[in-house]
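I opened this model to work through a few things in turn: the surroundings of the ligand, the division into domains, and one sheet with the helices that pack on it.

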Amino acid sequence: MKIAVVGTGYVGLVTGTCFAETGNQVICVDIDAAKVARLKQGELPIYEPGLDVLFHRNIEEDRLKFTTSLVEGIKDAEVIFLALPTPPGENGSADLKYILGVAKDLGPLLENYAVIVDKSTVPVGTAEKVRAAIAANAKVDFDVVSNPEFLREGVAVEDFMKPDRVVIGTSSETAKKVMEKLYAPLVRQGNPVIFMDERSAEMTKYAANSFLALKITFMNEIANLCEKVGADVDDIRRGIGTDSRIGKRFLFAGIGYGGSCFPKDVQALAKTSQEYDYDFRMLNSVMAVNDDQKKKLLPIVRKHFDGNLKGKKIAVWGLAFKPHTDDIREAPALENIVALLEEGATVLAYDPEAMENTKRLISNVTYTHSAYDALDKADALMIFTEWPQFRTPDFAKMAELMNDKVIFDGRNLYELKQIREHGFLYYSIGRETQN
Ligand code: NAD
């Protein structure tokens, strides 16, 4: 099939590359000329494990192309994916200006029947708006389908190539057949392609992300209570995760969720609820708790340093909002670092992939070549991302490098027993402080 993907971010680039990998002819369109120039030269603008191999292979085999021109990109395309940003607008609801802008441009450009697919996370009713924006100037027949994306950054290629499920919202039999054909190679193991109407598909994505944010937040509140009652949240996790109704995943307490999806999607669903005059109380709690959770370690750090961070040297491990990505959008590390700097601390930070992106936002931090370099004469270490390489460090070497053996761990990376053996002062989430 001939496919166009408009928007080459984390979702668009993975969508385009993976559909090229299954034999389709793909053109990716982006307005960012610098990004397109890099892509054309075979350079990936994002870090996503496994993407490089597929990306290079499909460029070499002539199935994957890039352009800044929408006209060129959609010429003869049977399916046009919109993988555009939907950031929070001024009032918290998803801003549809990118999607509707492209939809408006598409109308007069369509020369043959095409299926236009909303891949972005968009509020209920968007497919209808996209349809209207295209129809205003279209000369040919077309369908608009809602096909929300569930990939996780860090394992995006794997998720795309072997999705747990594919959700497709459409009332058109023609579009249904096109989408079925396109996804068939990805669901050969029998994972379902679930068809529904457009509004339900749009709502499914928000329900999924809000539920996951809720699950994390629930565990964070349990952790906060554990600290007060003297229980260990890791034991609670094991104790409840084995219940098949609850499940083992997404039960790790920590310093709050970030990323480009959960914060904005929970907020957007809350806004939708408001617009429909429904008081979705849980969502407001999730947002409030997560905001507090992201700042949770700061009062503990202040107390440890008797309220004065001036001149303290703080090492930071992890900047990305989660491991295996260079994405720092809404990452807890950022606001913590800004607070540390404002209070007079100096910060040495290390992240395997996210330092370049962070440098663009925060310049007065020393970014180091390795995790150990960040520890040089540090008065404390703060951990914000659970990169695997931080999990089994050389504690003796850490002790030697650091000025003081103090760790504030926002991701509960270490067993308390392990920490006791090495004699660190160790603050983590929902567990007893080790001294
Ligand atoms: P992104 O910001 O990484 O990428 C968006 C791209 O669109 C950018 O390259 C930008 O230059 C381009 N763009 C903007 N306006 C354009 C225009 N008029 N024409 C062509 N290109 C244009 O965004 P993302 O993370 O890929 O997310 C895209 C959508 O997918 C969002 O709605 C998001 O909520 C959703 N989503 C994201 C993820 C994720 O993990 N990142 C997962 C599932 C769903």
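Before looking at the ligand, I noted the cut-off: a residue counts as near a molecule if its C-beta atom, placed from the backbone, lies within 6 Å of it. I also kept in mind that this is a predicted model.

**Entry 1, the ligand.** I looked up which residues come nearest to the ligand, and of the 26 residues around the ligand these are Gly-7, Gly-9, Val-11, Ser-120 and Thr-121. I then checked the elements, and those that give two or more residues to the shell are helix H1 (10-21) and helix H5 (97-109). Sorted by class, the shell around the ligand holds 12 nonpolar, 9 polar and 5 charged residues.

**Entry 2, the domains.** How is the protein chain divided? I found domain 1 at 2-196, domain 2 at 205-293 and domain 3 at 295-427. Between domain 2 and domain 3, the C-alpha centres lie 24 Å apart, and 12 residues of domain 2 are in contact with 14 residues of domain 3. On the side of domain 2 that touches domain 3, I read off 4 nonpolar, 6 polar and 2 charged residues.

**Entry 3, the record.** For residues 315-416, an unreviewed UniProt entry gives the feature "domain: UDP-glucose/GDP-mannose dehydrogenase C-terminal". Over residues 315-416 I found the chain to be 25% helix and 18% strand, with the end C-alpha atoms 20 Å apart.

**Entry 4, the sheet.** I traced an open sheet of 6 strands, paired in parallel, in the order E11-E10-E9-E12-E13-E14. Strand E11 (366-367) and strand E14 (425-427) stand at the edges with a single partner strand each, so one side of each is left without a neighbour in the sheet. Following E11 to its partner, I saw that 2 bridges join it to strand E10 (residues 346-350), and that Ala-349 has Tyr-367 in E11 as its bridge partner.

**Entry 5, the packing helices.** Helix H13 (residues 297-304) packs on the sheet and touches strand E12 (380-383), strand E13 (406-409) and E14, and its direction makes about 165° with that of E13. Helix H14 (residues 332-342) also packs on the sheet, where it touches strand E9 (313-317), E10 and E12, and its direction makes about 155° with that of E10.

Terms used:
Residues are numbered from 1 along each chain as its sequence is written. This is a predicted model: local features need pLDDT of at least 70, side-chain atom pairs count only at pLDDT 80 or more; totals for chains, interfaces and linings use all residues. Two strands pair if DSSP finds at least two bridges between them. Two residues are in contact if their C-beta atoms, placed from the backbone, lie within 7 Å. Axes are lines fitted to C-alpha atoms, for helices over the stretch in contact, and angles run from 0 to 180 degrees between N-to-C directions. Domain bounds come from an automatic or database domain assignment. Ala, Val, Leu, Ile, Met, Phe, Trp, Tyr, Cys and Pro count as nonpolar, Asp, Glu, Lys and Arg as charged, and the others, Gly among them, as polar. UniProt positions are given in the numbering used here, feature names are shortened, and annotations may be inferred rather than shown by experiment.
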